[in-house]
Amino acid sequence: MTGMRAQDLIEKKRDGGELAESEIRFLVDGFTKGTVADYQMAAWCMAVYFQGMTDAETTALTMAMVESGDRVDLSAIAGVKVDKHSTGGVGDTTTLALLPLVAACGAPVAKLSGRALGHTGGTLDKLESIPGFRVEMDTQTFVESVNRVGAAIMGATADLAPADKKLYALRDVTGTVESLPLIAASIMSKKLAAGADALVLDVKTGRGALMKTLDQSKQLAEKMVNIGRMAGRKTVALVTDMDQPLGWAIGNALEVKEAIAVLKDEGPPDLRELVIALGTEMLVLAGVAQTPADARQRLVTALGDGSALEKLKEIVANQGGDPACIDDPSRLPQAPVRAAVTAPRAGWVDAIDCKELGLITMELGAGRRRKEDKIDLSVGLVLKVKVGSRVEEGEPLCEVHAATPQSLAAVADRVQAAFSIGPRPPRLRPLIFARYGA
Ligand code: URA
Ligand code: CA
């Protein structure tokens with residue numbers, strides 16, 4: 001380390017050079033300790049934004065951030081632990097249905113989840129709409145729960161990748177969030193610190209996603225798979241559609257209800273299909289299924305015979321929640337005001353502004369403006385149409401679940417405007433665009 005200077009490393013990256021692992025470690029360690037100044041790290045991030053990073057550099061950055069904090073030790077859990085991560089979407093109910101399903105098929109799941117961020121919801125908030133459900137526990141209870149029940153979900157208590165937290169805050173105010181290698185390293189550092197043996201990544205693409213274009217989404221997926229491989233974890237990524245909301249429901253309790261419907265084999269077809277696709281990858285990586293066809297068969301069986309639904313009840317009961325809510329979802333929080341927003345004219349729904357519906361749901365009270373805000377678990381939107389649906393004038397597009405008539409009135413026009421109705425059937429986008437990994 002002797003003689004290394006941050007300014008030389010900034011210049012090297014600015015001029016298109018490749019940094020050695022020791023040089024990246026010097027920057028990350030120095031930034032974490034405060035010996036590399038914020039302005040130097042910001043300048044380096046901007047150089048990375050323009051010059052990019054090789055996979056070796058991106059992996060070195062990821063590992064330096066992993067080593068800046070704690071790692072969750074899951075070694076006491078028997079079997080191959082597979083984690084799942086989504087880059088974030090609107091109405092992305094996947095985890096709530098996927099975890100019990102995969103656990104019911106015999107793959108252990110130890111899931112660390114997050115809270116609502118920006119226009120996207122968070123699994124922890126959704127789960128807390130089940131009365132009594134606790135997302136806080138110590139690591140030992142977490143590990144015991146996975147061994148006994150097959151799955152547990154908790155908020156990150158350990159200090160995972162603190163260098164990423166600090167770097168993300170800096171990027172957020174210096175125009176350097178939107179760099180593929182910096183995003184890939186940021187996500188992967190947290191996932192690797194969370195301790196699983198293998199990873200399934202759901203990289204969203206489209207107007208409700210972090211990555212809007214297919215090309216960028218594919219590059220991110222490929223980069224993260226490469227980091228996973230170089231870090232010694234089996235990693236698979238699917239690039240999936242987030243140009244319209246996933247399923248029908250957006251909102252906390254509404255999405256729990258939707259997940260229950262999937263596990264009763266009555267859920268929306270797109271959500272069901274994505275859950276099965278991600279579940280297939282998880283079962284194969286866990287070694288529970290030998291082939292994708294075998295995995296799919298098991299998942300479909302567990303949805304049909306009630307065992308996945310039963311597993312959700314066990315997970316809920318284990319974490320203090322009321323399992324009766326699963327049999328009777330009307331016990332979940334319900335919004336007092338409900339009204340349909342209708343189509344202003346006849347035609348074909350050719351686009352749904354996914355991000356706008358996410359923002360509207362937050363505005364109804366389902367998300368936070370500031371970290372300490374309390375959220376309303378009952379509110380949200382339930383779509384009555386998807387892209388490709390035929391509608392007549394006056395038919396419902398979406399049901400709004402609101403806390404007050406005023407908050408309903410405040411969003412009704414925006415909800416209607418988020419649905420684009422055209423004269424002919426649109427070309428439908430695939431649900432899954434690409435797959436990367438072993
Ligand atoms: N999500 C993350 O965790 N990190 C990023 O850099 C962007 C999105
Ligand atoms: Ca949904």
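1. The shell around ligand 1. In this predicted model, the residues around ligand 1 are Y168, R171, I183, S186, I187, K190 and L210. Sorted by class, this shell holds four nonpolar residues, one polar residue and two charged residues, so a reader new to the structure may wish to begin with the way in which the polar and charged side chains meet the ligand, since the classes are assigned by residue type.

2. Polar contacts of ligand 1. The side chain of R171 places a polar atom 2.9 Å from an oxygen atom of ligand 1, and an N or O atom in the side chain of K190 is 2.5 Å from an oxygen atom of ligand 1. For S186 the partner is a nitrogen atom of the ligand, which lies 2.6 Å from a polar atom of the serine side chain. Of the 240 Å² of accessible area that ligand 1 has on its own, the protein covers 84%.

3. Elements that supply the shell. Which elements give two or more residues to the shell around ligand 1? They are α8, which spans 162–172, and α9, which spans 180–193. Of the elements that contribute, α9 gives the most, with four residues in the shell.

4. The calcium ion. Ligand 2 is a calcium ion, and the model shows it coordinated at 2.2 to 2.6 Å by G91 through O, T93 through OG1, L246 through O, A249 through O and E258 through OE. Along the sequence these donor residues follow the spacing G-x1-T-x152-L-x2-A-x8-E. Because T93 lies in the loop between β1 (82–86) and α5 (94–104), while L246 lies in the loop between β5 (234–241) and β6 (249–250), this pair ties together parts that are 153 residues apart in sequence. Both of these donors, T93 and L246, are buried.

5. Strand β1. The strand that precedes the loop of T93 is mostly covered, with five of its five residues buried. The side chains of V82, K84 and S86 point one way from β1, those of D83 and H85 point the other way, and all of these residues are buried. Strand β1 is joined to β4 by five bridges, and the two run parallel; within this pairing, the bridge partner of H85 in β4 is L201.

6. Strands β4 and β5. Strand β4, which covers residues 198–205, also pairs with β5 in the parallel sense, over eight bridges, and in that pairing A198 of β4 stands opposite K234 of β5. Is β5 enclosed or open to its surroundings? Seven of the eight residues of β5 are buried, so the strand is largely enclosed by the rest of the structure.

7. V239 as an example from β5. One of the residues in strand β5 is V239, which is buried, with a relative accessible area of 0%. From C-alpha to C-alpha, V239 and G267 are 22 Å apart in space, and they are separated by 28 residues in sequence.

8. An open sheet of three strands. Elsewhere in the chain there is an open sheet in which three strands have the order β10-β8-β12 and pair in the antiparallel sense. Its edge strands are β10 (390–391) and β12 (419–422), each of which pairs on one side only. Strand β8, made of residues 347–352, is joined to β12 by four bridges, and these two strands run antiparallel; W348 stands opposite G422 in β12.

9. Two residues with positive phi. A careful reader may want to look at the backbone of A161, where phi is near 45°, a positive value in a residue other than glycine. A161 is found in the loop between β3 (151–155) and α8, the latter being one of the elements that give two or more residues to the shell around ligand 1. D265 likewise is not a glycine and has a positive phi, of about 65°, and its place is the loop between α11 (252–263) and α12 (269–285).

10. Burial of these two residues. Are A161 and D265 buried or partly exposed? A161 is buried, since its relative accessible area is 0%, whereas D265 counts as partly exposed because its relative accessibility is 34%, a value that falls between the limits of 20% and 50%.

How values were computed: Residues are numbered from 1 along each chain as its sequence is written. Chains are lettered from A and ligands numbered from 1 in the order in which they are written. This is a predicted model: local features need pLDDT of at least 70, side-chain atom pairs count only at pLDDT 80 or more; totals for chains, interfaces and linings use all residues. Side-chain values use heavy atoms; hydrogens and water are left out. A residue is near a molecule or strand if one of its heavy atoms lies within 4 Å of it. A polar contact is a pair of N or O atoms within 3.5 Å; within protein, one must be able to donate a hydrogen and the other to accept it, and residues adjacent in sequence count only if both atoms are side-chain atoms. Accessible areas come from the Shrake-Rupley method with a 1.4 Å probe; for residues, only the protein chains shown count as cover. Donors are N, O and S atoms within 2.8 Å of the metal (3.2 Å for Na, K and Ca); water is not among the atoms, so sites may look incomplete. Buried means under 20% relative accessible area, exposed over 50%, partly exposed in between (1.4 Å probe, protein chains only). Two strands pair if DSSP finds at least two bridges between them.
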